[in-house]
Amino acid sequence: MRIPESLIGVIYEAGAFPELWPSALEAVAKQVGAVGGNLIVNTSSGITIKSSPSVEEITREFDEQGWNRENSRVARLMERAGYPGFLTDRDLHSLQEIRSLPMYTDFLTPRGADAGAATVIQGANDDGIVLALEAFENHQSAKRTIKFLDRLRPHIARASVLSSRIQDSRVESVVATFNSVGTAIALLDKKGRVTAASNQFASQMDSLFIDGPARLRIRDLEADRRFAEALGRDEIGSSGASIALRNSSKAGIAVLHLVPALREARDLFGSTAFFAILAQPDNQLLPSLDILSALFDLTPAEARVARAMGEGLTPSDFAKQHNLSPETVRSQLKKVFAKTSTKRQGE
């Protein structure tokens, strides 16, 4: 089978613009009779998976159900990482294994996805890059495409290494920008691990944070608990969160804002799932209500209540001063407590 020049063009276009990999993988899969494809890049910053639209859902389900923890497909492929070509599931597993291993019997085979072909590519900075074509009609069909895929492999290798370097440079560029304006920001993956950080954020590692191997840890244990809970919520990926940090005297000293990397931002920055922005009340140019709003993600009404409570005003007095019902003030105060990690007015 001759390699279409248009397909080579699509692959190199994805190399220059990494956000185009899903459509490029779809084009390669369609050419060889697979349902879709995955490009998996494993770097020191974490693992990034770009999926073609046709296999995006099944790839997400595979990960969410925990099959990646016992993924003999990838493990055996990596054992043969020096092999300069594509390998199929039948090259990596016996027929008996495919018929008996839970990964196949409980997930892949029922979904018609037990026949695939994949290759390992050495990245520019010891990155591990895996390109996998998923869900061929059967194992024989996957095997028949190997010669074609091996001829296509040098183009895929050059393009995938190029896109990996481009994403690295994008991360370096955004961190340098935040350094120049003095913003404390870190880029986090979906598990909460730091992949890059500005100098201002890094300087807080000893006092406010711990750069743990599993995820960023917060020294304030209550804030750390809320951070862990936020990462575990489904809606965090679209709504973000704001977490108040307190010192040993329980006084509020900063707020960590988690801003989701959505759409183009996620495409641009690879494994980055969140931008963690540290807000501290040291900007004397802001009025106090604006500081409260910025630090604790409060609405203007909630900020007014928070300031009044901090000054010792009772909820009933505040309600009378502002011609509000006590129920309205209590509702606003309840939201203030939740956002500031406090439980009573004295805190």
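**A helix and a sheet to explore**

Let's begin with helix H17, whose buried residues pack against helix H15 (300-310) and helix H16 (315-321). Keep in mind as you look around that this is a predicted model.

Which residues of H17 are the buried ones? They are Val329, Gln332, Leu333, Val336 and Phe337. Around the axis they cover an arc of only 145 degrees, which means that they lie on the same side of H17. Turn to the other side of H17 and you will find Glu327 and Lys334, which are exposed. The length of this helix can be checked as well: H17 has 14 residues (326-339), and at 1.5 Å a residue these should span 20 Å. Its end C-alpha atoms are 20 Å apart, so the expectation and the model agree.

Now let's move to a sheet. Here five strands make up an open sheet, and following them across gives the order S7-S6-S12-S11-S10, with antiparallel pairing. Strand S7 (194-197) and strand S10 (241-246) stand at the edges; each has a single partner strand, so one side of each has no neighbour in the sheet. From one strand to the next, the twist averages 25 degrees.

For a look at one pairing, find strand S11 (residues 252-260) and strand S12 (residues 274-279), which are joined in the antiparallel sense over six bridges. Among these residues, Leu256 has Leu278 in S12 as its bridge partner. The sheet also has a helix packed on it: H11 (residues 221-232) touches strand S6 (185-188), S10, S11 and S12. The direction of H11 makes about 165 degrees with that of S10.

Conventions:
Residues numbered from 1 in each chain as written. Predicted model: local features only at pLDDT ≥ 70, side-chain atom pairs only at ≥ 80, totals over all residues. Heavy atoms only, no water. Helix = DSSP H or I, 4+ residues; strand = E, 2+ residues; numbered from the N terminus. Expected span 1.5 Å × (residues − 1). Buried < 20%, exposed > 50% of the residue type's maximum accessible area, 1.4 Å probe, protein only. Arc of directions from axis to C-beta. Contact = heavy atoms within 4.5 Å. Pairing = 2+ DSSP bridges. Axes fitted to C-alpha atoms, helices over the stretch in contact; angles between N-to-C directions.
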